[in-house]
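Hi,

Here is the structure I promised to pass along. Please have a look, and then read on for what turned up in it.

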Amino acid sequence: MTEREKRPAYRSAAAKLRAAIQRGDYAPGAKLPTDSELAEAMETNRSSIGQAVRLLISEGLAVRSGRSTYVARIVHKIRRDATARYIRPRREEGAARGAFDAEIARLGMSPVSQVTVSRVLPPTHVAELLGVETGVTAVVSRARLMLADDTPVQLATSYLPVDIAGGTQLEQTDTGPGGTKSRLADLGYPQAQITEQIEVRSPEPEEAAALRLTEDQRVYEVTHTARTAEGRAVEVAVHVMPTHLWTLSYTWDLGSTN
């Protein structure tokens, strides 16, 4: 018996349906045929189709609404090019308000950020990265729910020292072309070194609600720390991103180290 013949029927059905969605046979947002219709078309049973559809929902390729199933609005992953996204001309492309706006616009979608700006006591690990006193020193927080068209794709909160950001455009909802990094550069704090720490975890309940995630889906948590050439941390940003929507890409030059 071949490996294909050993494959459970629902996985074969899921593979066929996945390929059809990624080919564009079913457009983003389109209603999928019923389980009975799919079972007949694929010459299998409704139980296998039901399992296949649940698998695609867990992968983020389909969503359930009432008794119907629809193709997800985003069926190809968004590529987050962490090497190029922070170069100033890239993040200001088309008057974009930062790297996220520029990369979503390049995909032909409309970037939307719902921004809340406030002064807060940062989480302990953020305070330590910024070099401020834990539980005492407030920082400027820029919390965003970020959407591509009408699909929530990311939660991101940037934390900035008050002595730099306080009373500046960084405390306004719209930071202007290039976003936070361009305004920090304008204030005399250009970022020269970036560190990103990545973890994969289950979303917190409020994150799952905001990002419309099921309980078995996962998120990347990217903790982004940016420092000046003098070594001062001037921004810590915590990004929460559904793993089924994003591919994280990094490139660096090894130089003569090998």
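Which residue's side chain does lysine 181 join through a polar contact of 2.9 Å? The partner is glutamate 235, again through its side chain. Please keep in mind that this is a predicted model. Lysine 181 is found in helix H9 and, with a relative accessibility of 10%, counts as buried, because the cut-off for that class is under 20%.

Helix H9 also holds a salt bridge. Aspartate 186 and arginine 183 pair up there, with 2.9 Å between the closest N and O atoms. Both residues lie in this helix, which covers residues 179–186, and they are three residues apart, about one turn of the helix. Arginine 183 is buried as well, at a relative accessible area of 12%.

Now for the salt bridges elsewhere. The structure holds 10 of them, and a few may interest you:

- Glutamate 196 and arginine 80 meet through their side chains at 2.9 Å, N to O. This pair links distant parts of the chain: glutamate 196 sits in strand S7 (residues 193–201) and arginine 80 in strand S3 (residues 78–81), 116 residues apart. Both glutamate 196 and arginine 80 are buried.
- Arginine 23 bridges to aspartate 25, and their closest N and O atoms are 2.5 Å apart. Arginine 23 is exposed, with a relative accessible area of 58%, whereas aspartate 25 counts as partly exposed at 46%. The two fall into separate classes because exposed means over 50%.
- Aspartate 186 and arginine 183, described above, are another such pair. Elsewhere, Arg201, Glu207 and Glu221 are joined into one network by salt bridges that share partners.

Finally, a few words on glutamate 199. This residue is placed in strand S7 and is partly exposed, with a relative accessible area of 39%. The side chain of glutamate 199 makes a polar contact of 3.4 Å with that of glutamine 197. Setting aside neighbours within four places in sequence, glutamate 199 is in contact with Val219, Tyr220 and Glu221; Glu221 is also one of the residues in the salt-bridge network. Between the C-alpha atoms of glutamate 199 and isoleucine 78 the separation is 18 Å, and these two residues are 121 residues apart along the chain.

Happy to talk any of this through whenever it suits you.

Best wishes

Terms used:
Residues are numbered from 1 along each chain as its sequence is written. This is a predicted model: local features need pLDDT of at least 70, side-chain atom pairs count only at pLDDT 80 or more; totals for chains, interfaces and linings use all residues. Side-chain values use heavy atoms; hydrogens and water are left out. A salt bridge is a side-chain nitrogen of Lys or Arg within 4 Å of a carboxyl oxygen of Asp or Glu. Buried means under 20% relative accessible area, exposed over 50%, partly exposed in between (1.4 Å probe, protein chains only). Helices (H or I, at least four residues) and strands (E, at least two) are DSSP runs, numbered from the N terminus. A polar contact is a pair of N or O atoms within 3.5 Å; within protein, one must be able to donate a hydrogen and the other to accept it, and residues adjacent in sequence count only if both atoms are side-chain atoms. Contact means heavy atoms within 4.5 Å.
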